[in-house]
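Me: Please take a close look at the metal site in this structure. One connected account will do, with the surroundings added where they help.

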Amino acid sequence: MRLKVLGAAGEVTGSSYLLECGGSRVIVDCGMFQGRDDEKKNREPFLFSAASIDAVLLTHAHLDHSGRIPLLVKEGFKGKVMTTLPTVELVRVLWHDSANLMKEEAEWKTKKNSRKGLAPVAPLYSVDDVDSAAKSLTAVGYDEKTGVAPGVSVRFRDAGHILGSAILEVWLEEDDKQVKIVFSGDLGPQNTVMERTPAIISSADYVVIESTYGDRLHKNTGESRAEFHDVITSALKDKAKVFIPSFVVDRAQRILYELALLKDEGAMSSGVPIFFDSPMGVKATEIYRKHMNLLSSEMQQYLSQGKDPFAPERLKYVSSVEESQAINSLKHGVIVAGSGMANGGRIVHHLKHGIWNPKNHVVFVGYQAHGTLGRRIVEGEKNLRIAGEDVTVKAQVHTINGFSAHADKNDLLAWADNFATSPLFIITHGEPASSLALSEALKDAGRTSAIPFAGQEIELEPNGSASVHRMTPQPIVLVKEEVSGILTDIQSLALKLENNSVSSGLDSLVPLLKSSKILLETAYDRMTGSRPTD
Ligand SMILES: [Zn+2]
Ligand SMILES: [Zn+2]
């Protein structure tokens, strides 16, 4: 019995694991890498033959867990993708959106390439690929133990992260050995607002645990809610527009609910129009509404008063482009639109038309990654090029940080504390500092843990914590050709800069490049006892 870590090791995206048990091979999640330069990584061949896989278990719909499944099907996977019913419905929507975005991007790159006489670019997968992958989606209920493949069974438990999200309890049986491995998936906080609290699981030999916020604490719900209410009510006093860039699955529904509460309390005039401008968001909200019974007790109470949490008074769902453009001519209202980091989607057009106006407000309600338009606005850049136009930022910018759908450090520890057995915690889905902080906190709590690297294989034995000694890291191998290739690149860049020093003003980088060349040569020498350029 073996676990192979295929992604989300030392980073947050690209979640994927291979489980081998007897002759059965099962993939848990098959996610996309979503960093700035990860396009190449998504195109790398799988480390296994797609046709040899018996089944895929999917924890939740987010693309960093599901985004490469259409590719897996395209490459010959013939089994079932087992997941909860809301995930089946949400992932179809997310895959379609992703395929359409990739199509647009490939067309744009192809156009650029053709001017340089370069080859056309094909998207990773097409809408047709998504349609055939969707046929393999198979819904399973929460809390029922289900057979997956010979020797492998699974139970999906609520993870409290987004609608349909699951923790997986997986049982492996080979000869007379039985091992239980639990995958936390992405775990919600202990005090959730929309989702139910993550299921308590008390036994396992191994627990693969996420660590996105393994080194941080979030503000509590009351604090973030008060902050959001203050920002929105004071912004509305200007009788102008409030733009809220938001992920349109889960975060946007939470925002609609918070706005509904504001209207209920009378803190926001019932006359203020609210626009949820996102065709994908409209579809996602329908799915949320269909599965209200799976949401938190706070949601159940709201519903029991005969109210719809995702329909604040004067809300308008916007799908068509014409309706979206019509919002530009309005003077006053709240506009919720994707994408959450303003690096695409309809929010970009709304910002272009309104961010120059000092009476308007922009409220960010989620993480803004480096390099995105959202991050640049948050960091106070005043002159931006938005959707092909130069725009001066004069609107007031606010950031609300507490609406995370992820457990923070204390939430992760509280969930881990439920295990009455002594599992080995395998820490993934986090930047190295977050994973390390969680590992140290688990150690303080008397737990055993390990942080695997991408590609690491772990032999699974009953009583996981006893097997930690056998997780020896593989030596890093520096390939001579690769190293000398890098050295040549450094050398030629240094030469270019030296020759253009007057015009580029970058000559101060030359000594830096030269010392990195020496460092790399020394590292190679230490490891192999030879020179890379010999
Ligand atoms: Zn997620
Ligand atoms: Zn994730």
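Reply: Along the chain, the donors of the zinc ion (ligand 1) follow the spacing H-x1-H-x98-H-x24-D. The model is a predicted one, and every value below is computed from it. The residues behind that pattern are H60, H62, H161 and D186. The histidines H60 and H161 donate through NE2, whereas H62 uses ND1, and D186 contributes a carboxylate oxygen (OD). The distances to the zinc ion (ligand 1) run from 2.2 to 2.3 Å.

The angles among the 4 donor atoms of the zinc ion (ligand 1) span 92 to 163 degrees, and the site is classed as irregular. A tetrahedral label would require all angles between 85 and 135 degrees. The upper end of the range for the zinc ion (ligand 1), 163 degrees, does not fit that window.

Two of the donors of the zinc ion (ligand 1) can be set side by side for exposure. H60 has a relative accessibility of 1% and therefore counts as buried. H62 has 22%, so H62 counts as partly exposed. The cut-off that matters for this pair is that buried means under 20% relative accessible area.

The site does not end with one metal. The zinc ion (ligand 1) and the zinc ion (ligand 2) are 3.6 Å apart, with D186 coordinating both. D186 is thus the bridge between the two ions. At 2% relative accessibility, D186 is counted as buried.

The zinc ion (ligand 2) has its donors in D64 (OD), H65 (NE2), D186 (OD) and H429 (NE2), again at 2.2 to 2.3 Å. Their spacing along the chain reads D-H-x120-D-x242-H. The 4 donor atoms around the zinc ion (ligand 2) subtend angles of 91 to 156 degrees, and the arrangement is irregular because of them. H65 belongs to helix 2 (residues 63–66), while D186 sits in the loop between strand 10 (177–183) and strand 11 (206–210), so the pair ties together parts that are 121 residues apart in sequence. H65, with a relative accessible area of 1%, is buried.

From the metals, the account can move to a strand pairing elsewhere in the chain. Strand 3 (residues 24–30) is mostly covered, with 6 of its 7 residues buried. Strand 2 (residues 16–21) pairs with strand 3 in the antiparallel sense, over 6 bridges. One bridge in this pairing joins Y17 to V28 of strand 3. The hairpin of strand 2 and strand 3 has 2 residues between the strands, and G22 there takes a positive phi near 60 degrees. Strand 3 also pairs with strand 4 (residues 55–57), this time in parallel, through 3 bridges. In strand 4, A55 is the bridge partner of V26. In a regular strand, side chains alternate between the two faces of the sheet.

Charged pairs give another set of contacts, and the count comes to 32 salt bridges. One of them joins the side chains of D277 and R346, at 2.6 Å from N to O. D277 lies in strand 13 (residues 274–277) and R346 in the loop between strand 15 (333–337) and helix 11 (347–354), so this pair ties together parts that are 69 residues apart in sequence. Both D277 and R346 are buried.

The salt bridge of R375 with E379 has its closest N and O atoms 2.9 Å apart. R375 is buried, at a relative accessible area of 17%, while E379 is exposed, at 54%. R376 forms a salt bridge with E381, the closest N and O atoms being 3.0 Å apart. R376 is partly exposed, with a relative accessible area of 34%, and E381 is partly exposed as well, with 30%. Salt bridges that share partners also join R2, K4, E20, R25, E457 and E459 into one network.

Some features of the later part of the chain complete the picture. Q491 is placed in helix 15 (residues 480–499) and is partly exposed, with a relative accessible area of 40%. The C-alpha atoms of Q491 and R68 are 37 Å apart, and the two residues are 423 residues apart along the chain. L506, L509 and L512 make a nonpolar surface patch of about 260 Å². Of these, L512 is found in helix 17 (residues 509–528) and is exposed, with a relative accessible area of 55%.

Note on methods. Residues numbered from 1 in each chain as written. Chains lettered and ligands numbered in written order. Predicted model: local features only at pLDDT ≥ 70, side-chain atom pairs only at ≥ 80, totals over all residues. Heavy atoms only, no water. Donors = N, O, S within 2.8 Å, 3.2 Å for Na, K, Ca; no water. Tetrahedral: all angles 85-135°; square planar, octahedral: opposite > 155°, others 65-115°. Buried < 20%, exposed > 50% of the residue type's maximum accessible area, 1.4 Å probe, protein only. Patch = residues over 30% accessible without salt bridge, like charges linked within 9 Å, V, L, I, M, F, W, Y side chains within 5 Å. Areas by Shrake-Rupley, 256 points an atom, 1.4 Å probe, with all protein chains shown as cover. Salt bridge = Lys/Arg side-chain N within 4 Å of Asp/Glu carboxyl O. Helix = DSSP H or I, 4+ residues; strand = E, 2+ residues; numbered from the N terminus. Pairing = 2+ DSSP bridges.
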